[in-house]
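The following exercises concern a predicted model. Each task is followed by a solution in steps.

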Amino acid sequence: MQWICPKISIALIADTIETHKKFIVEVEEILINLHQQDYYQLKSKIASVSGNLYEKLSNEENWNKTFNLSFNVQSETPDSTGRFFDMIVTKAETANVHSKWNVDLKRHAKLILNDVSEINLTLQPFDVIADLDELMNFLPIFTIFKAKNEVPQKSLMEIPGSELPLLYLNCNGFRVFLL
C-alpha cells in the first residue's frame with residue numbers, strides 16, 4: 001500500500017496583550033509505503049520541512065515574518081533523491097529471521113523473542129534558528145494534551161534491551177542557533 005500527501009500545514013497561534021504570534025510548520029511531499037511479505041516494512045520519506053514565525057500588533061491587519069524562530073530543511077545533495085528525511089521500519093518474526101540466518105533455535109533458546117524490529121533513519125543537514133522566549137509563547141498550546149489523571153507509563157529504562165528495536169541513524173551537519 002502507498003500513501004502520498006503533497007503538503008501538510010500546521011499553524012500555532014499565541015496571543016499576548018499587545019501582539020499576536022503565529023508559527024506555521026509546512027511539511028511537503030510525504031510518501032508512505034507499507035510492504036508485507038515474511039516481514040512488515042514501513043517506508044516514509046519527506047521532501048522538505050519549514051517553519052516560520054509571523055507576528056502582528058493588535059491594531060494591524062498584516063502578518064510580518066520574523067526571523068527569531070524558523071527552520072527550513074530541503075535536501076540539496078544529489079544522492080538523497082530529493083528527500084530530506086528517509087525512515088524504514090522493519091519488523092519480522094524471530095522464527096523467520098533465524099531460519100534465514102540458519103541459526104538453530106534450540107541452541108539459542110535465550111535469544112528467542114516474538115519479533116525483531118529495526119529502524120533506519122537518514123536525515124539531511126539543516127539549520128534551526130530559535131529564540132527561547134518566542135518558543136515559550138507557544139508552550140501553553142501543548143498543555144491541553146496532558147491528562148489530569150495521567151497513569152504513569154513504563155519508562156524506557158524499565159524496558160529490557162532485547163525488546164528495543166535496532167536503531168540506525170545516518171545524519172550530519174545540524175546547526176542550532178539560539179538567540
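**Exercise 1.** Determine whether Leu135 is buried, partly exposed or exposed, and state where it lies and what it touches.

*Solution.* Step 1: the classes are set by relative accessible area, with buried under 20%, exposed over 50% and partly exposed in between (1.4 Å probe, protein chains only). Step 2: Leu135 has a relative accessible area of 37%, so this residue is partly exposed. Step 3: its place is helix H2, residues 132-142, where helices are DSSP runs of H or I with at least four residues, strands are runs of E with at least two, and both are numbered from the N terminus. Step 4: a contact requires heavy atoms within 4.5 Å; beyond its neighbours within four places in sequence, Leu135 is in contact with Leu69 and Ala130. Step 5: Leu69 is 66 residues away along the chain, yet the two C-alpha atoms are separated by 7.7 Å.

Residues are numbered from 1 along each chain as its sequence is written. In this predicted model, local features need pLDDT of at least 70, side-chain atom pairs count only at pLDDT 80 or more, totals for chains, interfaces and linings use all residues, and side-chain values use heavy atoms, with hydrogens and water left out.

**Exercise 2.** Describe the overall organisation of the protein chain.

*Solution.* Step 1: the chain holds two helices and nine strands. Step 2: their order along the sequence is β-β-β-β-β-α-β-β-α-β-β. Step 3: of the 179 residues, 25% are buried. Step 4: among contacts with a separation of 6 or more, 68% are between residues 24 or more positions apart.

**Exercise 3.** In which sense does strand S5 pair with S3 and with S6, and over how many bridges?

*Solution.* Step 1: two strands pair if DSSP finds at least two bridges between them. Step 2: S3 (residues 39-57) and S5 (residues 85-93) run antiparallel and are joined by eight bridges; here Tyr39 stands opposite Ala92. Step 3: S5 and S6 (residues 115-123) are also antiparallel, over nine bridges, with Glu93 opposite Asp115.

**Exercise 4.** Which residues have the most contacts inside the largest nonpolar core, and which elements contribute to this core?

*Solution.* Step 1: a nonpolar core is a set of buried Ala, Val, Leu, Ile, Met, Phe, Trp, Tyr and Cys residues joined through side-chain atoms within 4.5 Å. Step 2: the largest such core has 17 residues, and Phe23, Val27, Ile46, Phe84 and Phe138 have the most contacts inside it. Step 3: strands S1 (2-15), S2, S3, S4 (64-74) and S7 (126-130) each give two or more residues. Step 4: S2 supplies the largest share, four residues. Step 5: leaving aside neighbours within four places in sequence, the contacts of Phe23 include Ile10, Leu12, Leu69, Phe71 and Phe138.

**Exercise 5.** Compare the burial of Glu29 and Asn33.

*Solution.* Step 1: Glu29 lies in S2 (residues 19-36), as does Asn33. Step 2: Glu29 is partly exposed because its relative accessibility is 45%, whereas Asn33, at 15%, is buried. Step 3: not counting residues up to four places away in sequence, Asn33 touches Met1, Gln2, Gln41, Leu42 and Lys43. Step 4: for Glu29, the backbone is notable in that phi is near 55°, a positive value in a residue other than glycine.
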